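Got your viewer open? Let's take a short walk through this model, one selection after another.

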Amino acid sequence: MPISQKDKDFMKHVTEYYRSTKSEQDPNGSIRDTAIKFDINRNKVRKILITMGELESPITEQALSMRQQGMSIKEIARDLGVSVATVSTALPYKDKVDNSLDPTQHASDVRQYRAYEREQLKRQAGRSSKKQAVSVARTGDNMSDNTVSVKEWQKDIRMSYTEAYHRPHRSTWKDIDEMRKALATELSEDVPDELRELVAYLNSMKERKISDKKGQFPGALNDRDMDALEKIAGDRLPPDPVRVIRLHLELYDEYADGKLDDEDVQVLKKYGKLEHGDTISRDVIVPDDMPLYALHYVIQRAFGWQNSHLRNFELPDDRFQAMTGGNVAMWSRMVGVLFKSPLMDEEDEFWADDYNGGSFKNWLRKKYTGPYLSQCHGEGIISCLEDIKELDMDAEYYVMYSTAYNPETQKYDGEEYVSEVTPVYDYGGKKRPEPRPWHNKDEVPYRVEVVNFGQVPSEGMKFVFERNPMALLERLPVGAVLAAGRFHLPDDCPEDERSYVDEQIIGSGDELYLLLEKKIKHIKDMDIDSPYMQVLPMPVTDALLYNYDFGDDWKIRITASENCTDLVESGRITQAELDRAHVKCREVYRPVLIARDGEMLVDDVGGIHGFTEFLKTINPELKGMEPEEKEEAKREKKESLEWARYLGWRNNKGSGTINYL
């Protein structure tokens, strides 16, 4: 995906301002002043200036050449004897920036409100306010310990629920009983099977319990016996959400074998409150019907970002290939079922981003509190099918395959990959010349095929569309996409309580389409694209990938589990705390953060490598420095903290803290 025109304009403004900072006294210009002017990190300014040819880095040319040879950033850093962060900063922007460098209107609104908040805090200085908190005792007991009175607990529950205009009515047990009775009286021999299934489901909810033999192991979550949970709540738990799951969210770096670079890990452990692993992570209990658009806001809150840039959810490459059959034709059948239309109107895509002032946390809370209903018209199955009709599947395209550089043999004898996809004919009907490799043209082995658009490899679609064709529909509930396995069951857990993710995952796009074909046809025949009418898939993956800010390129890997045995057995949370979090999630229809590891993150810092540089800047090693160096380090620390707090950054309270979000 090429750099958008909006990004090019923004980078031009940054470059022009940087030039204006040059003088006889400072012929090199001021990166610091430029960063302050545009509210971005210095590493990002440096990267923009390198992209625009305004700055030169001694390793840029070498790194570019090695990158074009197929080497990863980690391999380049190793061969050049520098850090991954240094290589990342020295490489110019090339693709996947897409409107991310210029702060969005939302980001501007948030920052203006931050300034207003600071003024209000100054006015209120000296005033004292008392906050009443409910104390939850940490115990070593594996099962529930109802140390909070039912009255206090229910008051806390009532205060936690946040109304929002776009949420549908939440069903009560009275509603369920009335619906069950009404449907039962209307049943006859000729009623659809779907109606009979609904009545059976409602009847099962009437006496929804789990046997006493289940849910008694440490870390039990979705298998937990309802009697134990309702004892804490002091009342019967609501019928919805029916199921909750635990999501494990962890930061990763695709350029370092999916892990964080060793140098970054050491910095995070030293300055970033990383205690339990080798990456920043969060564990959250969520309703399994939470749509991906709401999960996005959960991630923003849990990691400390301010919803200031674009994002998307994707499948891991192997699952994407399985769902698309490796070509555009199968992918097109999955648009509206799994994938967004890359032709969707932008206003539809960001229907929920309506922040216009006030508390940012309260605004986020309304976005991820259920019940949920997506109002994104562009993600409706009929709307997506209309977009697909605009694509000419018979149009001819050049597909160029290049051979990757192999660092071990130092030759171009690696794997073959799609390096370019272009239409054979331009808009005027004139035939274009065949594409060729743009670097080392005489050395890189390549071949070109001419195929119909429907047969273009799915990995080459990124060259065809301006927007990401791999992005998942955000109306989809997380439980309809992501399979939840019981990954951490204790060894003595009964066999009938075990399940395996592989048994829950749909194998291919063909298999999924066959399951949904009848429902898709029904919606098309009725010609009603209502949010209540959309098709829902079965789980298709055991991991989801979340990408935020395509310039800084933050990546989160998401996995799901039906229990929290590892957290309980390691002492990071007790069963009593887990049970209360479970009840809270069901009662207020809102996610609960049950474990965290590592600092809160900050926008516009330059990704994970820029963030670790930021941590080193605000924790300078002053010992051994000259007096002038100490003063400079202190000044940089002060400026960096002011900049980060202006963007909403707040220091993490530490790992293991439960937060009801």
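Before any selecting, one tally: the model, which is a predicted one, contains zero disulfides.

**Stop 1: two cysteines**

Select C376 and show its side chain. C376 takes part in no disulfide, and the nearest cysteine sulfur, belonging to C384, lies 8.1 Å away. Now add C384 to the selection. Why is C384 not bonded to C376? A disulfide calls for sulfur atoms within 2.5 Å, and the sulfur of C384 is 8.1 Å from the one in C376, its closest cysteine sulfur, so the gap is too far for a bond. Switch on a surface and check whether these two are buried or exposed. C376 is buried, at 8% relative accessible area, and C384 is buried as well, at 0%.

**Stop 2: an open sheet**

Next, select residues 396-403, which make up strand β4. Add β5 (416-423) and β6 (446-452), the edge strands, each of which pairs on one side only. Together the three strands form an open sheet, ordered β5-β4-β6, with antiparallel pairing. From one strand to the next, the twist averages 25 degrees. Look along β4 and β5: seven bridges join these antiparallel strands. To see one bridge pair, pick Y401 and its partner in β5, V418.

**Stop 3: strand β1 and its partners**

Move to residues 244-251, strand β1, where six of the eight residues are buried. Colour strand β2 (residues 281-287) too; β1 and β2 pair antiparallel through seven bridges. Which residue of β2 stands opposite L247? Click V284 to find it. Then bring in strand β9 (residues 554-561), which runs antiparallel to β1 and is joined to it by six bridges. Here E250 has R557 of β9 as its bridge partner.

**Stop 4: the nonpolar core**

Keep L247 displayed and add L295, I558 and F611. These four touch the most other members of the largest nonpolar core, a set of 100 residues. Which helix gives the most to this core? Select residues 292-303: this is helix α13, and its contribution is nine residues. As a general background thought, nonpolar side chains tend to be buried together in soluble globular proteins.

**Stop 5: around F611**

Finally, centre the view on F611 and display what surrounds it. Beyond its neighbours within four places in sequence, F611 is in contact with L268, I280, W554, V605 and W649, and also with E599, M600, L601 and V602. Try labelling W554 and W649 to pick out two of these contacts.

How values were computed:
Residues numbered from 1 in each chain as written. Predicted model: local features only at pLDDT ≥ 70, side-chain atom pairs only at ≥ 80, totals over all residues. Heavy atoms only, no water. Core = buried A, V, L, I, M, F, W, Y, C linked by side-chain atoms within 4.5 Å. Buried < 20%, exposed > 50% of the residue type's maximum accessible area, 1.4 Å probe, protein only. Helix = DSSP H or I, 4+ residues; strand = E, 2+ residues; numbered from the N terminus. Contact = heavy atoms within 4.5 Å. Pairing = 2+ DSSP bridges. Axes fitted to C-alpha atoms, helices over the stretch in contact; angles between N-to-C directions.
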